[in-house]
Amino acid sequence: MKKGSGFLKKPQGMLILALALILVGSFIAGVIHTSHYQVDVSRIEFTTERGTLNGLLYMPKGAGAEDPRPVIVTTHGYLNSKEMQDAPAVEMSRRGYIVLALDMYDHGDSRWDADIPVGGQFGTFWVWAQFDAAAYMYAQPYTLKDENGNGYIAVSGHSMGGFSSFVAMYMDEMQSLVNGYRMICAGIPVGADLSYAAMVAPADQMRAAFGSRTVGVVAAHYDEFFFGKSEDEKTEAEKSIIGTVVYKDFANTANGKMFLGLDPAGSAGIAGLYYSAESGDLVADGAVLRESQIGERVIFTPSQTHPWNHISRVATSNLVSFYQYAFRGVEPNARFALLEPDNQLWQWKEIFSCIALIGFFLLMMPLIRLLLKLPFFKKSVTEQTEPVGEAKHAWGKILAWVAIVAGTLIPAVFFDVFMDKTATLQLFSYIACAFFIVGVAAAVMGFIGGKGTKDTQKQGLAFGGITIAVVSALLAAIFWFAKDIVPLSAFFIEPTVNQIAYWAMVSGLLAALITALYYSFVLRPQGVNVASYGISKCCLSICASLATALLAVGIGYTVLFITQSLFGVDYRFWTLAVRTVKIEHVLTALRYMPLFLVYYFFNAVAINANTRARKHGNLLAVLMNIGGLVLWVALQYGKLYITGSGMWPGQALNGILLFALIPCLGIAGVYARKLALKTNNIWLGSFVNTLLFTLIACANTAMFWNLV
């Protein structure tokens, strides 16, 4: 046992372990992804009138022009990519159906061709993606059609992909009035209602366009966004809650009842039960284009949140049962076509993809340790300095923990303020100005007291005062001019990354301010040297650190590209994914990296100062980075499940972003500490975290490449 542990302590041993996890995880995930090689999964790309769409085509063995089959087009929501549809794609292709898991325009590897004006980006990707993909699949010889040319295609999507599915059915219906046939016979949006329908057609016309199709919806009870009551339906207590992070029961709302074809003022619908519903007349310019038809409608209401839909056995079972019901009578001639909905294997793909993900993050450390043994790269290591250490007095030790707790909690407590740039930032600007005055006063005292002497204490006060003043001035400006910092533009083209970048800059500067204050007034008087913070000023060391980080991250992504080409999968778990990138992702990430470097640099300084000389330093580093955010999530969702309303009911999207942000920041904390211990400075950790996590963020969200 000791011998094995010693082997893993060596970089070669850890490297072998990391690669083993990646290879084994990717191999088994690939086996499940292809249903034990009974399904050919290939990346396809096709052009449309609006751009280029990319997707994963799941083609069961035997399916083709000689054996056309029902087709399912499924897509992700805002911020995600086609890989998020693994669960229904794997399960339905395993049952013999052809599946296209789609990247909507400006997500993943799909691109919108035309220029997009700032402010108009939400009227592009979801409006057309599903319809264009359905049209492409309808034209393929392997897509089953009836004797009248009607296609057996079902559309489904999560969140904004659900909106796209609703719109696809509407556009298909309008086109069918000209062509005489429908491409789409069924649809089941997940985590989406008709809220955005008005951008294309009124809600009643969306329902009318369903016609005789079989249409369902997965409307989770704790969905953070949709399925709420109208203002007329709400009680006075419900009206007092501002926001959508509340308990929902869509089948019991007026909109839900109308969806099922029930009287809006009557009894609630029953979840999971199919209803025969009148669609209503399809009307345009006052003329009836098509009279009302009867179709089947169903609502599923799992007790889960919006992002939970992706990794839910229950939601996947709902989808499988819906498809089997909608395609009854034309089931594929396949061995597992009639498997029960609860018979699912996709979870194993998720588990082994996660194992590969763990291997990828483990890979970075031994890889860097080996690189640091090579010429030039070894210049990243500087002379060892004394750790910052603890304060000598009890009050100083108490203040140390106050500083750590403040640095941990403030970015979380004011998470919504920083992310949404609320008016509260103006008050913060005034507070920052007060600290600026403190910094200037400390600097003046240090310069006057240390003038003409070699008093390092006075010089340290001057240095600390200047740092406080500069950081406070930057914070004051960032708070006051918040709306003009990282705005959505032709340069900063990812809306959610813009939000996170602003939060990160503010959090990093706050960490710098707290660190400078504690140094100036607690540690400086007891003789702590600034060099202990690991901010090496050696240009050669900084350059070597950057080169090491670039090579390490580059090698890591090379391994990703190789394993994906071999096994067809990337590294992911739920909303956190390390996926292959295109040149657009790299160029976009380069724009954001200077902003994130502000955070990761000062974050590394704070972690090095507070954990280097402490026991359980890795755990403390993780807690410093994510402790407050984990508490935020616990309070938000704990209160939601207990009371039916989140702690911050208006924080729907921002809360969801934390599910991927939290693990990234936790890993970054460990990297920052371990690399500082290895190199005696904070540069390598800062560069690795900036390069790696900015690229991960930019590759996993909406990217409006043609924004103007």
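**Exercise 1. Find which helices each supply at least two residues of the lining of the largest cavity.**

*Solution.* Four helices do this: helix 11 (394-413), helix 15 (495-523), helix 17 (583-611) and helix 18 (617-643). Keep in mind as you work that this is a predicted model. Next, look at the residues themselves. The lining of this largest cavity is made of 33 residues, and those nearest the centre are Gly 407, Thr 515, Ala 606, Asn 610 and Met 624. Sorted by class, the lining holds 21 nonpolar, nine polar and three charged residues. Finally, the volume of the largest cavity is about 430 Å³.

**Exercise 2. Describe the second largest cavity: its volume, and the residues that line it.**

*Solution.* Start with the space, which is about 110 Å³. Then turn to the 13 lining residues, where Gln 85, Pro 88, Val 190, Asn 309 and Leu 319 are the closest to the centre. Now ask where the lining comes from. Helix 3 (86-94), strand 6 (153-157) and helix 9 (313-326) each give at least two residues, and helix 9 gives the most, with three. As for class, six lining residues are nonpolar, seven are polar and none is charged. To round off the topic, the full count is five cavities of 30 Å³ or more.

**Exercise 3. Work out which parts of the chain the salt bridge between Arg 213 and Asp 172 ties together.**

*Solution.* First check the contact: the closest N and O atoms of Arg 213 and Asp 172 are 2.7 Å apart, and the cut-off for a salt bridge is 4 Å. Next, place the partners. Arg 213 sits in the loop between helix 6 (203-210) and strand 8 (214-218), while Asp 172 belongs to helix 5 (residues 160-179), so the bridge links parts that are 41 residues apart in sequence. Both Arg 213 and Asp 172 are buried. This pair belongs to a set of salt bridges that numbers 25.

**Exercise 4. Decide for two more salt bridges whether the partners are buried, partly exposed or exposed.**

*Solution.* Take Glu 173 and Arg 182, whose side chains meet at 2.8 Å, N to O. Buried means under 20% relative accessible area. Glu 173 has 1%, so Glu 173 is buried. Arg 182 has 15%, so Arg 182 is buried as well.

Now take Lys 239 and Glu 236, which form a salt bridge at 3.8 Å, N to O. Exposed means over 50%, with partly exposed in between. Lys 239, at 38%, is therefore partly exposed, and Glu 236, at 62%, is exposed. Both residues lie in helix 7 (residues 236-239), three residues apart, or about one turn of the helix.

Salt bridges can also share partners: Arg 43, Lys 82, Glu 83, Asp 103, Asp 109, Asp 570, Arg 572 and Arg 579 are joined in this way into one network.

**Exercise 5. Explain why Cys 664 has no bond to Cys 698.**

*Solution.* Begin with the total: the structure holds zero disulfides. Cys 539 fits this count, as the nearest cysteine sulfur, that of Cys 543, is 6.4 Å away. A disulfide needs two cysteine sulfur atoms within 2.5 Å. For Cys 664, the closest cysteine sulfur is in Cys 698, and because it is 12 Å away, it is too far for a bond.

As a last step, place these cysteines: Cys 539, at 57% relative accessibility, counts as exposed, whereas Cys 664, at 9%, is buried.

Technical notes:
Residues numbered from 1 in each chain as written. Predicted model: local features only at pLDDT ≥ 70, side-chain atom pairs only at ≥ 80, totals over all residues. Heavy atoms only, no water. 1 Å grid on protein atoms, 1.4 Å probe; cavity = no way out; pocket = protein on both sides within 12 Å on 5 of 7 lines; lining within 4 Å. Points joined across faces, edges and corners; volume = space filled by probe spheres on them. Nonpolar A, V, L, I, M, F, W, Y, C, P; charged D, E, K, R; others polar. Buried < 20%, exposed > 50% of the residue type's maximum accessible area, 1.4 Å probe, protein only.
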